[in-house]
Amino acid sequence: MNYTPSAERYNKMLYNRCGRSGILLPAISLGLWHNFGSVDDFETARSIIRRAFDRGITHFDLANNYGPAPGTAEENFGNILKKDFTGNLRDEMVISTKAGYHMWAGPYGEWGSRKYLLSSLDQSLKRMQLDYVDIFYSHRPDPDTPLEETMMALDIAVRSGRALYAGISNYKAPEAKEAIKILKQLGTPCLIHQPKYSMFERWVEGGLLDVLEEYGVGCIPFSPLAQGLLTDRYLKGIPEGSRASKAHGFLKTADITEDRLQQIKQLNDIAKKRNQSLAQMALVWLLKDKRITSVLIGASSVQQLDNNIDCLDNVSLSNDELNKIESILRKNP
Ligand SMILES: NC(=O)c1ccc[n+]([C@@H]2O[C@H](COP(=O)([O-])OP(=O)(O)OC[C@H]3O[C@@H](n4cnc5c(N)ncnc54)[C@H](OP(=O)(O)O)[C@@H]3O)[C@@H](O)[C@H]2O)c1
């Protein structure tokens with residue numbers, strides 16, 4: 001099946017400036033953490049990537065360890081690029097990868113040393129069959145490596161042409177501020193921060209978003225649907241094939257408590273009154289804050305992807321809706 005991207009692909013997607021940089025990112029970006037590994041169906045993965053691009057998603061987020069097996073999401077993505085995104089289409093895409101979590105045996109296969117970050121990036125480029133990535137992230141802060149060393153590795157990744165921009169992920173406000181300052185001194189500004197942020201996970205509101213705004217760094221929340229909890233996926237039990245049903249899935253059945261379900265049902269009722277799915281409402285709830293550049297979703301089907309992108313048809317939330325949502329969220333299970 002030859003692929004020709006839709007001629008309409010840039011007609012509807014919103015693009016937001018990433019901090020105070022030259023880069024615009026789509027309001028919805030697609031992550032390949034789950035559903036794109038060697039355990040998953042390659043043709044489904046391929047159709048999700050094609051559909052995403054057809055609907056204006058230009059940003060695809062990976063990491064060295066995505067799979068399972070670790071590395072296979074990058075391999076599959078590289079094969080999809082090779083088959084479908086030929087010619088100059090690479091220039092229409094922003095591809096990111098990361099290093100920080102465990103990837104290979106021995107003392108150089110995780111955390112934040114220059115040795116690990118740069119060799120991991122070289123491995124990622126090989127797996128994706130790319131000359132460069134657009135964004136290279138330190139996936140998590142390393143308490144035992146000087147922040148200067150980790151940031152110098154990002155700087156070198158950019159200076160050597162392996163990456164165009166540097167990013168950080170999972171850094172709390174004070175360490176993010178430090179990292180951003182060091183990168184600035186090195187001459188490679190921090191483009192973006194990738195934190196976990198959703199209606200159910202709000203630590204970023206306690207200082208990180210202010211730091212990012214002050215320093216002109218973009219913000220791309222991951223797991224904006226709380227891995228599927230903030231959707232209708234679990235309203236009637238745990239469906240076969242869902243993330244919570246999979247042994248390798250990071251969402252555990254223990255996360256789906258009765259109290260949590262009650263909360264999800266109440267949020268779902270508000271979404272219904274807006275003629276939206278809960279997933280759509282959860283995404284626009286994040287995008288209402290202008291400091292949010294893009295929301296980084298996952299999807300296991302083209303239908304889910306379409307449903308999520310369609311949130312852009314109704315992005316406004318009334319004060320009344322916001323208050324009702326807030327009162328439900330305050331009842332923290
Ligand atoms: N930097 C980091 O440390 C870090 C950590 C985690 C993730 N990430 C990035 O963030 C990306 C997204 O994370 P995530 O996959 O956890 O995001 P998410 O959007 O919160 O969850 C995605 C899951 O929700 C379900 N879903 C999505 N849309 C749906 C819809 N419209 N209706 C019903 N169910 C729907 C699907 O579950 P089913 O599979 O059950 O269908 C899907 O796999 C990752 O791919 C990765 O790129 C980064």
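Here is a short walk through this structure, from its overall build to a few local details. Keep in mind along the way that the model is predicted.

Let us begin with the whole protein. Its chain forms ten helices and ten strands. The radius of gyration is 19 Å, close to the 20 Å that the globule rule gives for 333 residues, so the protein is as compact as a globular protein of that length. Along the principal axes, the C-alpha atoms fill a box of roughly 50 × 50 × 40 Å. Of the 333 residues, 44% count as buried. Contacts also reach across the sequence: among those with a separation of 6 or more, 76% link residues that are 24 or more positions apart.

Next, look for the sheet. Strands of a sheet pair through backbone hydrogen bonds, either parallel or antiparallel. Here you will find an open sheet of eight strands with parallel pairing, in the order S9-S8-S7-S6-S5-S4-S3-S10. Its edges are strand S9 (218-219) and strand S10 (295-297), each of which pairs on one side only. If you start at the S9 edge, you can see two bridges joining S9 to strand S8 (residues 190-194), and these strands run parallel. Ile 192 has Gly 218 in S9 as its bridge partner. Helix H5 (residues 173-186) lies across S8 and strand S7 (163-169), and runs at about 160° to S8.

Now turn to the ligand. Around the ligand are 32 residues, and the nearest are Gly 31, Trp 33, Phe 222, Gly 228 and Gly 298. The elements that give two or more residues to this shell are S10, which you met at the edge of the sheet, and helix H9 (302-309). H9 gives the most, with three residues. By class, the shell has 18 polar, ten nonpolar and four charged residues.

Finally, some loops reward a closer look at the backbone. In the loop between strand S4 (59-61) and helix H2 (72-84) you will find Pro 68, and Ala 69 lies in that loop too. The peptide bond from Gly 67 to Pro 68 is cis, with omega near -15°, and a cis bond also joins Pro 68 and Ala 69, with omega about -10°.

Asn 35, in the loop between strand S3 (28-31) and helix H1 (42-54), has a positive phi near 80° though it is not a glycine. Asn 35 counts as buried because it has 20 C-beta neighbours inside 10 Å. Gln 227, in the loop between S9 and helix H7 (258-273), is not a glycine either, and its phi is positive at about 65°. With 24 C-beta neighbours inside 10 Å, Gln 227 counts as buried.

Conventions: Residues are numbered from 1 along each chain as its sequence is written. This is a predicted model: local features need pLDDT of at least 70, side-chain atom pairs count only at pLDDT 80 or more; totals for chains, interfaces and linings use all residues. Helices (H or I, at least four residues) and strands (E, at least two) are DSSP runs, numbered from the N terminus. The radius of gyration is taken over C-alpha atoms; the globule rule is 2.2 Å times the number of residues to the power 0.38. A residue is buried if 20 or more other C-beta atoms lie within 10 Å of its own, exposed if 12 or fewer, and partly exposed in between; C-beta atoms are placed from the backbone. Two residues are in contact if their C-beta atoms, placed from the backbone, lie within 7 Å. Two strands pair if DSSP finds at least two bridges between them. Axes are lines fitted to C-alpha atoms, for helices over the stretch in contact, and angles run from 0 to 180 degrees between N-to-C directions. A residue is near a molecule or strand if its C-beta atom, placed from the backbone, lies within 6 Å of it. Ala, Val, Leu, Ile, Met, Phe, Trp, Tyr, Cys and Pro count as nonpolar, Asp, Glu, Lys and Arg as charged, and the others, Gly among them, as polar.
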